[in-house]
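Here is a brisk report on one protein chain. It covers charged pairs, cysteines, a pocket and some backbone details.

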Amino acid sequence: QYSPDSVAGADGEIDPSEVTFPGCPCRSSSCAAPECPCLRRGHNYSGPRLRLAEQQQQQQQLFSRPIFECNSLCGCGESCQNRLVQRGLRLRLQVFRTPRKGWGVRALEPIPCGSFVCEYAGEVLGSAEARRRSQAQAPEEPNYILAVREHLHDGRVLETFVDPSRVGNVGRFLNHSCQPNLFMVPVRVDSMVPRMALFAAADISAGEELCYDYSGRFHNLPAASREHKPLEEENSLRKPCYCGSSTCASFLPWDSSLFSTP
């Protein structure tokens with residue numbers, strides 16, 4: 001079932017459509033920092049794109065600033081510059097059959113660096129349901145469950161699980177690459193449940209396949225990924241990587257926590 005936005009999972013534990021953030025009191029057509037409370041919370045955009053140079057610079061620090069967009073309770077207008085991911089897909093993309101990787105997605109128009117491309121949308125699950133679904137899958141079946149962990153300055157780790165196998169959007173067809181042209185950023189609009197937004201990591205040409213690093217290594221500190229070197233017997237559960245890059249890791253990223261008993 002196609003859905004442009006994430007929906008509550010079958011376990012009913014998390015509702016991503018619930019609005020819990022207060023709206024900003026701004027009355028202008030477009031919010032500006034530092035007056036807007038939404039913009040004061042974290043990182044902001046540069047026109048229609050993410051400020052990639054600043055984002056890269058922040059990776060040298062221990063933590064990067066989060067992104068909070070204005071929401072449905074804000075006083076600003078729909079044209080506010082702090083509304084980007086919530087507007088959804090605006091680019092011409094095509095799902096196509098690849099020679100070795102199954103379905104993939106390519107751009108039908110040039111995409112400038114830093115542009116929002118699409119969201120990875122699906123059912124937002126609690127950790128127990130995400131683990132149950134992962135363990136119920138046969139090794140040969142595709143696993144679309146995305147596990148995102150955000151490390152906070154106080155040591156807490158926020159976990160979000162998105163499964164587009166039953167309900168999802170075009171993001172479910174994006175393939176992995178060890179040298180990707182997209183990177184994922186959690187963006188919050190209405191609540192603490194993030195939207196998994198994919199941005200262009202470089203200028204992308206028309207006809208180029210769109211890929212991101214499933215492990216989160218790309219545009220993250222090395223310690224941010226919890227992908228551990230698997231035991232030799234676990235390699236039978238891992239899927240080979242066919243990205244073809246010079247730095248290919250041979251296998252798709254592996255999150256053993258979803259396949260273990262807590």
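## Salt bridges within the chain

R133 and E123 meet through their side chains in a salt bridge, at 2.9 Å from N to O. The two residues sit in distant parts of the chain, 10 residues apart. R133 belongs to helix α3, residues 127-136. E123 belongs to strand β8, residues 123-125. Both R133 and E123 are buried. This is a predicted model, so the values here are computed from its atoms.

R149 pairs with E159 in another salt bridge, with the closest N and O atoms 2.8 Å apart. This pair also links distant parts of the chain, with the two positions 10 residues apart in numbering. R149 lies in strand β9, residues 146-151, and E159 in strand β10, residues 157-163. Are the two partners buried or partly exposed? R149 counts as buried because its relative accessibility is 17%. E159 is partly exposed, because its relative accessible area is 39%.

## A long-range pair and a network

R195 forms a salt bridge with E119. Here the closest N and O atoms are 4.0 Å apart. The pair bridges distant parts of the chain, 76 residues apart. R195 is in strand β13, residues 195-200. E119 is in strand β7, residues 116-119. R195 has a relative accessible area of 18%, so R195 is buried. E119, at 5% relative accessibility, counts as buried too.

How many salt bridges are there in total? The count comes to 10. Some residues are joined in a network of salt bridges: E123, E129, R132, R133 and D163. The R133 and E123 pair, at 2.9 Å, is thus met again here.

## Cysteines

How many disulfides does the model hold? The count is zero. Take C24: the closest cysteine sulfur is in C74, at 3.6 Å. That is too far for a bond, because a disulfide needs the two sulfur atoms within 2.5 Å. C24 is at 4% relative accessibility, so C24 counts as buried.

C178 is in no disulfide either. The nearest cysteine sulfur to C178 belongs to C243, 3.9 Å away. C178 also counts as buried, because its relative accessibility is 14%.

## The second largest pocket

The second largest pocket holds about 210 Å³ of space. Its lining is made up of 13 residues. Which of them are closest to the centre? They are P48, L84, R90, S115 and F116.

By class, the lining of this pocket is mixed. Five residues are nonpolar, four are polar and four are charged.

## Buried positions

A107 is part of strand β6, residues 103-107. At 0% relative accessibility, A107 counts as buried. A107 and A206 are 99 residues apart along the chain, and their C-alpha atoms are separated by 5.2 Å.

D213 lies in the segment after β14, which spans 211-212. Is D213 buried or exposed? D213 counts as buried, because its relative accessibility is 9% and the cut-off for buried is under 20%. The side chain of D213 makes a polar contact of 2.7 Å with the side chain of S215.

## Backbone details

Which peptide bond is cis? The bond from A33 to P34 is cis, with omega near 5°. P34 is found in the loop between β1 (7-8) and α1 (37-41).

S250 has a positive phi, near 80°, and S250 is a residue other than glycine. Like D213, S250 is found in the segment after β14. S250 is partly exposed, because its relative accessible area is 43%.

Note on methods: Residues numbered from 1 in each chain as written. Predicted model: local features only at pLDDT ≥ 70, side-chain atom pairs only at ≥ 80, totals over all residues. Heavy atoms only, no water. Helix = DSSP H or I, 4+ residues; strand = E, 2+ residues; numbered from the N terminus. Buried < 20%, exposed > 50% of the residue type's maximum accessible area, 1.4 Å probe, protein only. Polar contact = N/O pair within 3.5 Å; in protein donor to acceptor, adjacent residues only side chain to side chain. 1 Å grid on protein atoms, 1.4 Å probe; cavity = no way out; pocket = protein on both sides within 12 Å on 5 of 7 lines; lining within 4 Å. Points joined across faces, edges and corners; volume = space filled by probe spheres on them. Nonpolar A, V, L, I, M, F, W, Y, C, P; charged D, E, K, R; others polar.
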